[in-house]
Amino acid sequence: MSAPEASSAAVPTLTTNNTLRNAFGGVLSFFILLLIGVLAFSIRLFSVIKYESVIHEFDPYFNYRVTQFLTKNGIYEFWNWFDDRTWYPLGRVIGGTVYPGLTLTAGTIWWLLNSLNIPLSVETVCVFTAPIFSAFASWATYLLTKEVKGAGAGLTAAVLLAMVPSYISRSVAGSYDNEAVAIFALIFTFYLYIKTLNTGSLFYATLNSIAYFYMVCSWGGYTFIINLIPMHVLLCIVTGRYSSRLYIAYAPLVVLGTLLAALVPVVGFNAVMTSEHFASFLVFIIIHVVALVYYIKGILSPKMFKVAVTLVVSVGLAVCCAVIAVLIALVASSPTKGWSGRSLSLLDPTYASKYIPIIASVSEHQPPTWPSYFMDINVLAFLVPAGIIACFLPLSDASSFVVLYIVTSVYFSGVMVRLMLVLAPAACITSGIALSQAFDVFTRSIKFQLPGVSSKTEVDAGETSSATKEAQNDAVKTEKAEETSKDRPSRKSKKKEREHVEKPSTKTKAEKKRLLALPLEASVISLLLLVFLGAFYVVHCVWAAAEAYSAPSIVLTSHSHDGLHVFDDFREAYAWLRHNTDVDDKVASWWDYGYQTTAMANRTVIVDNNTWNNTHIATVGTAMSSPEKAAWEIFHSLDVKYVLVVFGGLVGYPSDDINKFLWMVRIGGGVFPHIKEPDYLRDGQYRIDSQATPTMLNCLMYKLSYYRFVETDGKGFDRVRRTEIGKKYFKLTHFEEVFTTHHWMVRIYKLKPQKNRIRGKTKKSKSKTSSKSSGTRKKNPWL
Amino acid sequence: MEISRFGLLVFTIAILASPAISDLVLSKVDRRIYLTSQIVRISSSLKVENGGPEMVSEVLLAFPELQAKKLAYLMATQHEGKGKAKNSAAALPVEVASPKDMPPALTFYSVSLPKGLAEGDSFTFDVLAVYTHALQPIPEQITQADIQLVVYQESAYYLSPYVVKVQSLSIKLPDSRIESYTKLENTKIHGSEIKYGPYENLPAFSYSPIVVHFESNEPFAVAQELVREIEVSHWGNVQVTEHYKLVHGGARSKGEFSRLDFQARPNLRGASAFRYLVANLPPRAHSVYYRDEIGNISTSHLWGDSKKTELLIEPRYPMFGGWKTAFTVGYGLPLQDFLYKLEGKRFLNITFSSPMVELIIDTLIVKVVLPEGSSDISVSAPFPVKQWQEAKISHLDIDGRPVVVLEKTNVVPEHNQYFQVYYKFNKLSMLREPLMLISGFFFLFVACIVYMHADISISKSSASYLAKQQWEEVQGAIQQVQNIISRCLTTHDKLEASLRDLSRTGDVQACKAARKAADGLLKELSKELKPLLTFLHSSPSAAQILPKVEELVAKERELQEKVMAKHSTVVDGYEKKSGARDIENRVALQQQKLTALRQEVDDLLEFIDDI
């Protein structure tokens, strides 16, 4: 904004001065971006420093396993991979049911490094993929925001995104999950869309489709893009902002994007058949109609045009009605109305808890609470409204897109806590705009009113403002430098044009802003407050990265008076399974531990975190909530050799299987009606103390969790439930304990062989036939 | 059972092939068998006497075939009395021998004596034989609460192709709990030690099987496979990485494992399990890590002083009989402690086997990775090993680093001796990789610079290219125009600001000065504008936007005049000390026009921007 003033310094040296300043600004912003990348990368390394370089949690283990397979067997084997070590006996076609973006990315990085003879292990590459892509994501944010509101806002937004806790929670080193690359893909797709919208270049439109393709490869959240962009196009059309640039930005994306999306096996024909994509096609039709109308309007005289409009509208309405009727009929004929469960629960937040317990049982599918907003986006929550206002001054195509993005993502994040992740970039962009605009206003006011500066208004203007502040001011400063860069005729014609386009918004805005000058004291104080706010944000983010989100969740630590205590029970159990059971043994556990068991223990599991078959999960849930004998039969019919339960009662680990038991009963009961939830409830509550129902005290999960637990302290005091257990002394008849970890967090039981059940040889034939024929028919859902 | 039957067989053979091959006589044999760990060590001291006329320089040692299979290590040393340290004794060369007319079920080793024995001469030497897997657990499967019992079988008589005059045997057990043992004549038991003998004047190939069944809760840690990778870096580090595949080689565990029992009474319920291993690493070992394929294992302790580094590692879970685990231990060592120079060659002098205490290794593979560019590689090992070479491609290598691979089966701690790898290496090759990196980045930057400075359009004379260039120039000019206009606008703003100052301070002079300055600046700017406008006039591709630009310039000029007029009116008003409201009234109309004009100028600017 200071560009005009700055260049008035000396007329003859104007051009050289400009070139220098331009180069300086370019280099400066390049280094700032580099530092932002380093910041984004290094703030996510707390988990490696505090714990170790290890894959985190549940889903990352699956992705890690897939990546290992990919690097070992190559891409073609990967597409054809039928995994028989999970969902036994059904198996799973991994190649066709997985979003391959993340895996292929990490696989490519690994391959590249290895072909350069840098022998990093697959695990190392997987661990650091997320931080690397966070750096990319913050650069993409810079580009996007720069398209919307100029480089200053871009840099601010990039800094904010580099350390927004919500994104950190999903992308710390080791958190090798789809979201890690998907957020980058999301922002980059939006950037290319805006870029195309601003330039009207078909080149960017094509790139946009490819970025969209990458997003489709990476995450199911791509439906957000393919609904948001049509919404924005519609908004532009409705507000009379239709232009050929809009058409170029949209039409190729739909055609190319859909074609490319259909190439991803997991999407396939869904790209044209499910309701999630219908909006884009509808808008595709609309934009063509509008384009036609504009074209005809150009040809015809106003009067003729009016006649034509009435004619076309009447015919068009009829056709539209017919088409919509057909569509509705088609959609209505499919059972879920063409919408997948997760998407439906997005539109109707109560849908999942009502109909699909398996979706509702995942904590990240719950609606967030207010504190979680503060935790995850912190001060951005307060800056967002200011940013939205800044987007309206003036409203351009690009800034209207940002407004639409933030509004929709706020809605979605309110539905599902996991989608807070989509909100985070939007919040960063709007807050970046707000902050940089505020800094603009305040520094300009100061500049106008500072006695020494206002008369001279020289190059120092940039320096004086930058001297007062630190990080953000750097952004402002480079913004100025960036501004100047546009005033020079550059060699690269393309770059020229691109830079040219973004100027109007910033410049006119600047001119309007120039009229408002705030009092000196007020601006200084506000600046200080803003810096303070930024500092608070930084402190919070570092805290969140270091404390809240760095735990890998397979290793737990606790600080007690005698130092750090490590709970490495999960890996202890998995290592035991890996080395001391037969390779083809089947291990049954609740689905949460499926991915970890296949990846770390390399044993076949019955169900895992890819909850594609509700019946199968319900079978395991039923077994867990059945009495021992019935459970044994179910497990035996599934060829299960070992049962793994997670038990936190001894050390107070709250997310154990007893706490998840509610969902096992509910999911099991949803498919097998003989499991009735009320049987497990006393006065509407799950309890395991002496008030618990007999069904509860006799179910397998209770028995496996508390087997011989009473002997530890003589009372059987459960530290999670904070109560003494109901049934203290009991024996297992059909299962035997084969392994329990050091802190009792994982207990593994083996199914006793069949012959042990039968007492007395004379009864053998009778009891066997009776239990087989009558008993199993009722209780065993597998026969 | 099998062994005793075999013993009978030997007896029969012995009777058949009774004539001894030479006239040597073992005048005294003392054997001590140590069963205190899973590794069986038999140390015997033999006194040979030549009873025949010929010179004899070799003594044969006989081992039954089954024992020979388990024999891991055999060493003969000259007996030098008890006062001296064992290590100083010179080792006598031992070789596999297959003398004629000997029973095929026996394996023979011949010990070469330092000098031939003439008739009547005698010589005393010690033989240390180390066996692996010689203790057989019986029962083979035990529960968690059981203690582990093992069986050891030997002969009470020293099996030898020579006549033995006097002999005795003592067996040292880990504990005084003995389940059973074979009682022969002259059998005594002292606490944890069983003594057989002395027996006198036994013929060659005498054999009398004895069986000891006793409790042993020593760790039966067996590494089924150990791969040791020793990587030499001339930048100052020797990196040792050891991949263990460990199994508890004792009685197999059966039934359930109760953590409760194990935690409450670890010595009773879980006596046969071992929980940790101790490794004696070389001094100054650093960067020690202990992990497995699923991550770091946090249960380890490290102590170190100037003489040794002791590492205690616990596997993830207590090792019961038959349980397996796998892990990796790695550490770095300072190069100068292990690498020496000799006659233009370098040699690495490092221990062969694992640093773990009392560990049996079934298959040991030692890989020595030498720096890229090493040549003339040779290995000198103190015992026979299988060896071959391969290449390993590591960080930024081009043709890989030479790797010497040594393989040996049945390794016991006695094998932990130094071995040497000789090679030639040019110090300059060390700089290869840094130089490669430097030049790589250098060329990257050069390429960037070239790309930024070179115009790589395909055609430079085509019409579209020229038009584009022209259009670029026009755009540049228009931008400059815009620049100037916006600078004018800024000057206007400053004038407005000065008016505000005036209303605050009433300083008419400053305000006038500001106007003068602004006036000068504006004139300069309009001068600057002229060449640009003429350029635009002359350029054909600017034809479309020229009218707009001209309109813009005109409007701006009008605006300028209006602003000046307003300014002077206000200043006049102040000079005449008219009231603020009065001035405002006078200016109001001008102000309206100004804002309208300003709006138009802004619109025009925006329009031109949009092109």
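Of the 194 residues in the largest nonpolar core of this predicted model, those that touch the most other members are Phe190(A), Ile748(A), Phe327(B), Leu348(B) and Phe419(B). A nonpolar core here is a set of buried Ala, Val, Leu, Ile, Met, Phe, Trp, Tyr and Cys residues joined through side-chain atoms within 4.5 Å, where buried means under 20% relative accessible area, exposed means over 50%, and partly exposed lies in between, with a 1.4 Å probe and protein chains only. Helix α23 of chain A, residues 420-449, gives the most to this core, with 16 residues; helices (H or I, at least four residues) and strands (E, at least two) are DSSP runs, numbered from the N terminus. A second, separate core has 57 residues, among them Leu61(B), Ala97(B), Leu117(B) and Val164(B).

Residues are numbered from 1 along each chain as its sequence is written, while chains are lettered from A and ligands numbered from 1 in the order in which they are written. Because the model is predicted, local features need pLDDT of at least 70 and side-chain atom pairs count only at pLDDT 80 or more, whereas totals for chains, interfaces and linings use all residues, and side-chain values use heavy atoms, with hydrogens and water left out.

Within the largest core, Phe190(A) can serve as a point of entry. Not counting residues up to four places away in sequence, Phe190(A) touches Leu144(A), Phe224(A), Ile225(A), Leu228(A), Ile229(A), Phe401(A) and Tyr405(A), a contact being heavy atoms within 4.5 Å.

Chain A as a whole has 37 helices and 13 strands, and 56% of its 783 residues are buried. Among the contacts in chain A with a separation of 6 or more, 72% are between residues 24 or more positions apart. The accessible surface of chain A is about 32,200 Å², and carbon and sulfur atoms account for 66% of that surface; accessible areas come from the Shrake-Rupley method with a 1.4 Å probe, and for residues only the protein chains shown count as cover.

On the surface, Leu311(A), Val312(A), Val315(A), Val319(A), Val323(A), Val326(A), Leu327(A) and Leu330(A) form a nonpolar patch with about 700 Å² of accessible area together. Patches are made of residues with over 30% relative accessible area and no salt bridge, like charges being joined within 9 Å and nonpolar side chains (Val, Leu, Ile, Met, Phe, Trp, Tyr) within 5 Å. One member of the patch, Val315(A), is found in helix α16 of chain A, residues 302-333.

Turning to charged pairs, the whole structure holds 50 salt bridges over all chains, each being a side-chain nitrogen of Lys or Arg within 4 Å of a carboxyl oxygen of Asp or Glu. In one of them, Lys703(A) pairs with Glu628(A), with the closest N and O atoms 3.3 Å apart. Lys703(A) lies in helix α35 of chain A and Glu628(A) in helix α32 (residues 628-637), so the pair ties together parts that are 75 residues apart in sequence. Lys703(A) is buried at 10% relative accessibility, and Glu628(A) is buried as well, at 4%. Lys703(A) is also in contact with residues including Phe730(A) and Lys731(A), and the C-alpha atoms of Lys703(A) and Lys731(A) are separated by 8.5 Å although the two are 28 residues apart along the chain.

In chain B, Arg401(B) forms a salt bridge with Asp397(B), the closest N and O atoms being 2.7 Å apart; Arg401(B) is buried with a relative accessible area of 12%, and Asp397(B) is buried with 3%. The salt bridge between Lys562(B) and Glu558(B), at 4.0 Å from N to O, lies within helix α7 of chain B (residues 546-575), where the two residues are 4 residues apart, about one turn of the helix. Here Lys562(B) is partly exposed at 23%, and Glu558(B) is partly exposed at 34%. A network of salt bridges links Glu52(A), Asp568(A) and Arg571(A) with Asp292(B) and Arg316(B).

Some details concern the backbone. Most residues other than glycine have a negative phi, and most peptide bonds are trans. A cis peptide bond nevertheless joins Leu393(A) and Pro394(A), with omega about -10°, and Pro394(A) is found in the loop between α21 (380-391) and α22 (397-415) of chain A. Phe205(B), in the loop between β15 (193-202) and β16 (209-215) of chain B, has a positive phi near 60° and is buried, with a relative accessible area of 3%.
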